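Biologist: I should be grateful for a close look at a single part of this structure, explained for a first-year student. Please describe one helix and the sheet beside it, in a connected account.

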Amino acid sequence: MFRSLVVKPFSRSAATASATLGVKGAVARHQLSSICFAYGMIKTETQGRVAIITLNRPKALNALCSELFHEINDALARFDNDANIGAVVLTGSERAFAA
């Protein structure tokens, strides 16, 4: 059974940053930090106070499965416990967000 999650930004500046992450120019203006945690089906990174979780199963078009949900939940829990993170963006890789 999966729990539904609602991720809310903690500040207006974090919300603005998360809304612009999909724009290549916005990413180019900010230096991305290194990857935060090692997972098999997702990639995680931070950009300032914004954490980015990218679904990374391109061959399966990021199809949802139990292991993927466990990794997402673990990453969300880690970011939730990090006082330096104000917002979380969940995105897909390559051709699809999720199948």
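Modeller: The following account begins with the sheet, continues with the helix and the core, and ends with the loop that joins two of the elements.

The model is predicted. Three strands make up an open sheet, ordered S1-S2-S3, and their pairing is mixed. S1 and S3 are the edge strands, each pairing on one side only. From one strand to the next, the twist averages 20°. In general, the strands of a sheet pair through backbone hydrogen bonds, and the sense may be parallel or antiparallel.

Both senses can be followed here in turn. S1 (residues 42-47) and S2 (residues 50-55) are antiparallel and are joined by six bridges. One bridge partner to look for is Ala 51 in S2, which is matched with Thr 46. The two strands form a hairpin with two residues between them, and in the turn Gly 48 has a positive phi of about 65°. On the other side of the pairing, S2 and S3 run parallel and are joined by six bridges. Here Thr 54 has Thr 91 in S3 as its bridge partner.

H3 packs on this sheet, touching S1, S2 and S3, and its direction makes about 20° with that of S1. The helix has 15 residues and spans 21 Å from its first C-alpha to its last, close to the 21 Å expected at 1.5 Å a residue.

Which residues of H3 are buried? They are Leu 68, Glu 71, Ile 72, Ala 75, Leu 76 and Phe 79. Viewed down the axis of H3, these buried residues fall within an arc of 130°, so they line one face of the helix. That buried side packs against S1, S2 and S3 (87-92). The face of H3 turned away from the buried side carries the exposed residues His 70 and Asp 80.

S1 may be considered in the light of burial as well. Five of the six residues of S1 are buried, so this strand is largely enclosed by the rest of the structure.

The nonpolar core comes next. In soluble globular proteins, nonpolar side chains tend to be buried together. The largest nonpolar core of this model has 13 residues, and those touching the most other members are Ile 42, Ile 53, Leu 68, Ile 72, Ala 75, Phe 79 and Val 88. S2 and H3 (66-80) each supply at least two residues of this core. The largest share, five residues, comes from H3. Ala 75 gives a view of the contacts at one position: leaving aside residues up to four places away in sequence, Ala 75 touches Tyr 39, Ile 42, Thr 44 and Ile 53.

Finally, the loop between S2 and H3 deserves attention. Leu 61 is found in this loop, and Asn 62 is found there too. Leu 61 has a positive phi of about 55° although it is not a glycine. For Asn 62, a residue other than glycine, phi is also positive, near 55°. As to accessibility, Leu 61 is partly exposed, with a relative accessible area of 32%, whereas Asn 62 is buried, with a relative accessible area of 1%. The cut-off explains the two labels: buried means under 20% relative accessible area, and partly exposed lies between that value and the exposed class, which is over 50%.

Terms used: Residues are numbered from 1 along each chain as its sequence is written. This is a predicted model: local features need pLDDT of at least 70, side-chain atom pairs count only at pLDDT 80 or more; totals for chains, interfaces and linings use all residues. Side-chain values use heavy atoms; hydrogens and water are left out. Buried means under 20% relative accessible area, exposed over 50%, partly exposed in between (1.4 Å probe, protein chains only). Helices (H or I, at least four residues) and strands (E, at least two) are DSSP runs, numbered from the N terminus. Two strands pair if DSSP finds at least two bridges between them. A nonpolar core is a set of buried Ala, Val, Leu, Ile, Met, Phe, Trp, Tyr and Cys residues joined through side-chain atoms within 4.5 Å. Contact means heavy atoms within 4.5 Å. The expected span of a helix is 1.5 Å times one less than its number of residues. The arc is that of the directions from the helix axis to the C-beta atoms. Axes are lines fitted to C-alpha atoms, for helices over the stretch in contact, and angles run from 0 to 180 degrees between N-to-C directions.
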